[in-house]
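Ready for some practice in reading a protein structure? Take a look at the picture, keep the sequence beside you, and work through each exercise before reading its solution.

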Amino acid sequence: MREFARVQDQALSLDYFDPIQSFPECGGVDIFIGTVRNHHEGKAVKALKYTSYTPVAEKMIREIEQQIQEKYQVSYVRVMHRIGYLDVSETAIIAIAYAAHRREAFQACEEAVERVKHEVPIWKEEFFMDGTSQYVEGCCIRKDTAESNHQVKHHQHENCSHEQIHE
């Protein structure tokens, strides 16, 4: 298995991850790549800056990967998150999951992204074209298992801003 930092201050690449050929039992691969887009809530975005408490972020991402691997019985789950100043179109996060079947790969990859975005101490500051900036708070999002339409539901908590997380 390839070893790499889960929190990187340089451009992210799929080359860090173990190749699917190392997992012949897997027929499903899911990859999520989140990039910086040029707008947020009607405002033009110039760039983002991600900061983190890296020692804890690294540990938490590895724990999340292990928990998801066990939960979905998938062979491989890895997440890498960028920190530093990112321009529009740069990659902020990559998550990858290899599983015997597509459904488990989809579920594992989605949960990995959601958990990293909402649990790991990585903070996002948005810089707008008008010269202003703001930190984006994570929101307490959960899947509503009672609903079969798989829509994301907002769950109210005292310290939860319902601003949406954007890449």
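**Exercise 1: An arginine and its surroundings**

R6 is buried, with a relative accessible area of 2%. Keep in mind that the model is a predicted one.

Task: Find where R6 sits in the chain, and work out which residues it touches.

Solution, step by step:

- Start with the position: R6 belongs to the segment before strand 1 (7-8).
- Next, check the label "buried". The cut-off is under 20% relative accessible area, and R6 has 2%, so R6 counts as buried.
- Now list the contacts. Leaving out residues up to four places away in sequence, R6 touches E58, I61, R62, E65, R78, V79, M80 and H81.
- Finally, look at the side chain of R6: one of its polar atoms lies 2.8 Å from the backbone oxygen of F4.

**Exercise 2: A glutamate that meets the arginine**

Task: Is E58 buried or exposed, and which atom of R6 lies 2.7 Å from a polar atom of its side chain?

Solution, step by step:

- Locate E58 first: it is part of helix 1.
- Its relative accessibility is 13%, so E58 is buried.
- Then turn to the polar contact. The atom of R6 is the backbone nitrogen, 2.7 Å from a polar atom of the E58 side chain.
- To complete the picture, E58 is in contact with A5, R6 and V7, if neighbours within four places in sequence are set aside.

**Exercise 3: Putting the sheet in order**

Task: In what order do the four strands of the open sheet stand, and which strands are at its edges?

Solution, step by step:

- The order is 1-5-7-2, with mixed pairing.
- Strand 1 and strand 2 are at the edges; each has a single partner strand, so one side of each has no neighbour in the sheet.
- Take the pairs in turn. Strand 1 and strand 5 run parallel and are joined by two bridges, with V7 opposite H81 in strand 5.
- Strand 5 and strand 7 run antiparallel, joined by six bridges; here V77 stands opposite A97 in strand 7.
- Strand 2 and strand 7 are also paired in the antiparallel sense, over eight bridges, and V29 has Y98 in strand 7 as its bridge partner.
- A general reminder: strands of a sheet pair through backbone hydrogen bonds, either parallel or antiparallel.

**Exercise 4: The helices on the sheet**

Task: Which strands does each helix lie across, and which residues of helix 2 are buried?

Solution, step by step:

- Helix 1 lies across strand 1 and strand 5, at about 155 degrees to strand 5.
- Helix 2 lies across strand 2, strand 5 and strand 7, at about 145 degrees to strand 7.
- Check the length of helix 2 (residues 102-119): its 18 residues reach 25 Å from first C-alpha to last, close to the expected 26 Å.
- Its buried residues are A105, A108, C109, E111, A112, V113, R115, V116 and K117.
- These pack against strand 2 (28-35), strand 4 (43-52), helix 1 (54-72), strand 5 (76-82) and strand 7 (91-99).
- Strand 7 is mostly covered, with nine of its nine residues buried.

**Exercise 5: Two cysteines**

Task: Are C26 and C109 buried or exposed, and how many disulfides are counted?

Solution, step by step:

- C26 has 12% relative accessibility, so it is buried.
- C109 has a relative accessible area of 1%, so C109 is buried.
- A disulfide needs two cysteine sulfur atoms within 2.5 Å, and the count comes to zero.

Methods: Residues numbered from 1 in each chain as written. Predicted model: local features only at pLDDT ≥ 70, side-chain atom pairs only at ≥ 80, totals over all residues. Heavy atoms only, no water. Expected span 1.5 Å × (residues − 1). Buried < 20%, exposed > 50% of the residue type's maximum accessible area, 1.4 Å probe, protein only. Contact = heavy atoms within 4.5 Å. Polar contact = N/O pair within 3.5 Å; in protein donor to acceptor, adjacent residues only side chain to side chain. Pairing = 2+ DSSP bridges. Axes fitted to C-alpha atoms, helices over the stretch in contact; angles between N-to-C directions.
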